[in-house]
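User: Could you walk me through this structure? I'd like to know what the labels rest on.

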Amino acid sequence: MSTANTQAPINPLGQWLSRYATGAVLIVIIYAALYTVYAVQQPRALTSYSIAALMNNTAPLALAAVGQAIIVISRGFDLSVAGVISICNVTLAVYPLEGPGGAATSVAICLAIGAVVGLVNGYLVAILKIQSIAATLATMIICQGIALVILKAPGGYVAEWITYEMTDRVWQVIPVSGLVVGAVVLIWLALKRSIWGISLYAIGADETSAALSGINTLRVRFLAHVLAGCAYGLAGFMLSAQTATGNPTSGTPLLMLSFAAVALGGTSLAGGRGGLFATVMGAATLTLLQKVLFSSGISSFYTGVFQGVVLILAVVFCGLLARLGDDR
Amino acid sequence: MSSTASQQAKSVRSEGALTLAASGLRKTYGPTVALEKADISLTSGQVHALLGENGAGKSTLVRILAGAVQPDAGEMYLDGTPYRPTSLMDARGRAVATAFQELSLVPNLTVAQNFLLPDLPKRRGGMVSARATSEAGKEWLAKYELDWIDPSATVGSLPLADRQRIEIARALKNAGRVLILDEPTASLAETSWLFKQIKKTTDRGVGVLYISHRLSEVREICMQATVLRNGASIASVALSDASDGDIFEMMVGHRAAHKRVVRDTKVEATRPPRLRANGLCGTDLRDVTFELRPGEVLGVAGLEGQGQHELFRLLAGLAKPNGGQIEVDGKPVKMTGPRKALKSGSGIAYLPEERKTEGILGGLSAATNIVLPFMPRIAASTLISPGMETKAARAAAQRVDMSERYLSFDIADLSGGNQQKALIARTLGTGAQTLLLFDPSRGVDVGTKQSIYAAIRKFADEGGSVLFYSSELPEIVQLADRCMVLYGSRVFRSFTGQELSEQNLVAAMLGHGRDEHDKGPVA
Amino acid sequence: MTTSSKAPSSHPDFTKNADSRGSAKISRETISAISVAVLCLVLLFGARFINPALGSWSQVETVLILGFFLVVLSFGQGLVILTGGLDLSLPATITLGGILATSWAGTGDAAQWFILPAVLAVCGAVGLLSAIGVIWLRVPPFIMTMAMSIIVASALLGYTRGTPRGYAPDVAVALMKSDVLGLPTPIVALVIFVLTGWLFQSRSVFGRYIYAVGTNVDAARNAGVPVIATQTIPYVISAICGGFVGIALVGYSSGATLRMGDDYLLPSIAAVVIGGSSILGGRGTFLGTVGGALLLTVLGTIISALGLEFGLRTIVEGSIILIALLLLREELFQKLRSFGK
C-alpha cells in the first residue's frame, strides 16, 4: 500500500553518485584536491620525508577514528576513545620498554588496555543496555582519572626504539605509520565480509529485525566494543611514538576529531552505513587541512574557524550527494 | 533428529494428529497481564486461524509460540515432546518459523542475506561469499515463485508488499513443522500467491497458524479457528460450523458486530467545494481532479501502488506536486505541511497511514496525543496541565467511543484499536471541516471499526467533508457517498449511488478487468 | 477446549491490571527524580561523618551557588537533547558570554545595563546558526555544534589575541555577590530558574511540542506541530543559557579566560542523563535534570573536600556517574517488577 514513495523512478546518475561518491571516492577526491593546494604552497610536500611526517601526524587520529567508526556503524557513540589513548600514552611514557621486544610488549599492553576498556563498554552497552553515549562518558571519565593517577603532569619518555622506528620509513620511502594504518584497514576489509561484519551493519540499521533474523546482537555489539578498544590502544601507541612523551590528557583532542573524521568519511551517525577506509581518509583530510591552513599563513588564531567551516561544508556536501541518490 | 521428525510427520499426516499443542499459557509484564490462559492446538497439514480483537493477546501468543518470549506458565508440546523455546533460533531449530506482522527484515542487507541469516555461505578463511549468497538467495526465491525479486537488492529499497512476501518466504523456508503467519496480508492486495504457498506447505504436513483480521480470507483457507478475548482463549471452533455473527460475538462479547447503515446523502451541491484538486500531478500520480463538498464522504480505492499514498501526502502538504492545484474553500492554497493544511480555510486534518511510525507519539499520554494540534486553543496563556489536556481530550474521545480512563495512559501501552481511536479523535478535535483519512480502520478489530465508522458518519451528517482511502472494499461501499478508483496513476473511474458496489470497484481497480498489471501477480 | 463461559470472569481482572500499567509508567520518572534527590541529601548530610566541616549550611550554600551554573546549562542542554539533538557548543558559548561581557565592560563607554541583553543576543545568534545547520543543512547535531564550538573558540582567540582583558560588569557582580531577603542572590535565582524551567518544559504548549518532536518528528509534523520552530528554539535557548553562565562565572570569579567553558560540557550532558532523560530524545524531566546537576555538584564538592589527588577524584566521579546510570536504567525497573513476585 505504501509503495508509492519507494517506487519513485531512480535517477541513474544520482544513484551512481550516491553509491560511489559519498563514501571513499568523494573523500579521496577532496584529499587529492587539498594535497594539490598543499603541494603548490610547499613544493617540498611531495618528498617522501614530508609524506612520512604527514602520515605520522595522521596515524593516531586515523586509528582512533577507525575504532569510532566501528561503534558508529553499530549505531552507537564511544567517548572512551579519549581515555584509552591517554592511559596508553602515559603507560608507555612511565614504563618505557626498549628494543623490538619491548615495542612488541608495549603494543600488546596497549591492545590489552583497549580491549579491557572495550570489554567494560561492551558489558555496559550490550548486556546492561545503557545508552552507549552515557556508558562511555562514564568509562571515559574513569579512564582519564586512571591516566592522571599513572602520571600527574606531562612528562616521561617513550622508549626510543618506538619513537624512532614507528616514525621511520621502510627503504626510505614507505612510512611505517602508513603500514600500520594500512594493515588495520586490510583487517577491517576481511572482517567486513565476515558474518560478524554483516551483522554489525545489520544491528546498526535495525537491531530488532537483526535479532529476529537470528543474529546474536549481544555478541556482535560486545565484539564491536572490544575491537574498537583495540583500535584506540593502537592509536595511543602511535601517538606516543609520535610525541615521544607522556601527557595524561593527550587523548582529549582526539575525541571530537574522531567523530569529525567519521562524519567526513561519509559514515552516517545514524548507524548502518559507512566504511573504515573512508574514515581513515577523513582523518587524513583533517590533518592535512591543519597543515594547509598553517602554510597558507593564516593567523593560527583563526585556524579553527576554517576547520569548522570545512567540516560543515564537507558534511553538507556528502549529504547533498546522498540525497541526490535517493532522489528526494 | 530430522529423520524422526519426518517419520513422525508421516504418521501424523495419516492420522491428522497434533503438531503443536499448548495449554494454559500465561504471560505477564509487571502488573500487566498480556495473556491470561490460552490454549491452542495445530493439526498437521491444516491451517488454523487465530482470531481476536486488538489487545486480546494474539501478538503475545504468537511471540510465545515463536520463541521470542517465554511464558510464565503453561505447557507446550511439539509432536508429542515438550517444547520450550528460549529464543527465536531455538524455535527455528525445532522447525517452527514465524512471519511477523511488523516484518523482521534488516533494511540495509540484501534479500539473499536476509534470507540466509544467521548462516551465510563462506569461502575459505571464513569470509562470506557474496556470489554464493546471492545464488542461494536466487534459488530460494525461485522456489517460492518470487523470481522477479533481485536477490542482491537491498531490502529497504523494495516496496512494502515485496518485503512482506520475503518475510513470508523466509518463514516458509524454515518451517519444517509449524508455520506462524501474523497478519500476512497486511500489505498484500491479493492473496493468491500466499494461499498457493500455504497450500504447498500444508501438503508437506506442516501445521499453520494464521492470524488475520479479514474473516473472508480466514474462511477461504482455514478449517479451524481459535478465538482469543481479553487474554484467554474463548473457544476453538470448526469454521464451517460458525457464522460470521457467531465469530464476532465470540470476539467482542455481547456487542452487535455488523450493522449496515445506509446514509441519506446530505451533500450540499450548491455550496463551493471544501477541497478541490485540479490536475494534480506527482511522481506517482497524473492529472487528478476532484471536488469534495460539504457533507460528503468520498472514498478512494485502488490496488497497492496506484498513487493513493502520494495523493494523500500531496493534499496534506507532505509532498510537493509537480503540477496542478489544490483549492480549499474556493481559494488556491500552496500546501507546505499538515500544519498549513489545518490552517487553510475551514481546516483540513490528516490521518497518516502508519499508526506506529507516523501517527502516535509513544511516551506521551493519550490525552496529549489527542490535543496536540489544538493545544494553543485549550491552554491558559500558553501554559497547560495534564488535567486541562484530559478535559479537552475527553470531548474528542467521546466522539469515537473511546473510554475515558485510557486518556492518562501512555499511548504506546494502548491496544492498536485504542491508538487508532485516539488518532481519529485528534483529527475530529481540531475542528477542521475536512478530514483526510488514510485507511482509518487499518488493523483494528470489529468493535473499533464500528465506532470509527459511526464517528465518520456523524461528522459528515453535521456537514463535515471526508476523503478516505481504504484497502477494504466493504468499508468503502458501506461508508462512502462516492468513490474514486485509482489505476495506473490516474483516477480511472468514479462511482456514486447504486453503481458503488464491490464488483464494480474490483473491476475498475484492475483497469476494467484487463489483466495487464506490472510485476506482481494480480487476482 | 475452553468454553466461552470462562472469559467474563477474567475480564475485570484484566482491565484492572491494564490500569495499574499506566500508573506504573508514570511513577518510573518520579522514582528517578526522587531517588536522585534523596541521594543528593544523603551525600550532603552524610558527608558530615567524613568531615565535620561538610554538610553545614555554608556548605549547602556553596553547593547551590555552584549548582546554579550547571542547572542553567543542563536546562538548555536538556532541551536540545529532548529534541533528539546534542549541544557540544556549550563551552564556546560560555566563553563567548564571559569574554564579551568583560571586554565590553572594559571599554567603559558602553552603558553597563546594555551588556547583559547584548551578550545574550550574540550567544543566541550562535545557537541560531547551529540550528540552521542542523535543520536546513541537515548536518548531524553532534557535528554541527562541534564545528560551531571550534569556530567560536577560534574566533574568540583571534578577537582577544590570546589574552582576554577587561573586568566583570557590575550586573554580573551584582548577580553573584549580593543578597536578596537574606539569601545569596544566586540561590534565589536558582529557585526562580528551576520554577520557570519546569513550567516551560513540563507545563507549556511549547514544551509539549518539544517532547512531540523529540519522540517522532514525522508523527509530530502530521499532528500539526510547528516542527521547524520547535527544533530551532532549543538550540537558541541552550546558547543563551551558555552565555548567561559565562557572564555569571565572570561575576563569580571576576575574570574571563579562553578555556573557562571547557569543564562544563561533559557535566551538562551527564546531569541530563543522570536525571533520567533518554539521550535519544523525547523522554526526561527538568526536575530530574536539576537533581542530576545538583548531585554532580555535591559530589564534586565532597570529593574535593576529601583532599584526594586529582586523578582519584576523577575516577570517583566517573564511577559515581556509572553507578547512577546502573541504578536508573529502565531495565532494572522492569526486572524488579516482573521478578518481584
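Analyst: Sure, let's start with a strand pair: strand S13 (residues 297–301) and S18, both of chain B, run parallel and are joined by four bridges. This is a predicted model, where local features need pLDDT of at least 70, side-chain atom pairs count only at pLDDT 80 or more, and totals for chains, interfaces and linings use all residues. Residues are numbered from 1 along each chain as its sequence is written, with chains lettered from A and ligands numbered from 1 in the order in which they are written.

User: What makes S13(B) and S18(B) a pair?

Analyst: Two strands pair if DSSP finds at least two bridges between them. Here there are four bridges, so they pair. B:Val300, for instance, stands opposite B:Tyr469 in S18(B).

User: How do you know that S17(B) pairs with S18(B)?

Analyst: Five bridges join strand S17 (residues 434–438) of chain B to S18(B), so that pairing holds too, and these strands run parallel. B:Leu436 has B:Leu467 as its bridge partner.

User: Why is strand S18 (residues 465–469) of chain B called mostly covered?

Analyst: Because five of its five residues are buried (20 or more other C-beta atoms within 10 Å of a residue's own, with C-beta atoms placed from the backbone). B:Ser465, B:Leu467 and B:Tyr469 lie on one side, B:Val466 and B:Phe468 on the other.

User: What makes the unit of S17(B), helix H17 (residues 446–461) of chain B and S18(B) right-handed?

Analyst: With the strands pointing away from the viewer, the path from the first strand over the helix to the second runs clockwise, so this β-α-β unit is right-handed.

How values were computed. Buried ≥ 20, exposed ≤ 12 C-beta atoms within 10 Å, placed from the backbone. Helix = DSSP H or I, 4+ residues; strand = E, 2+ residues; numbered from the N terminus.
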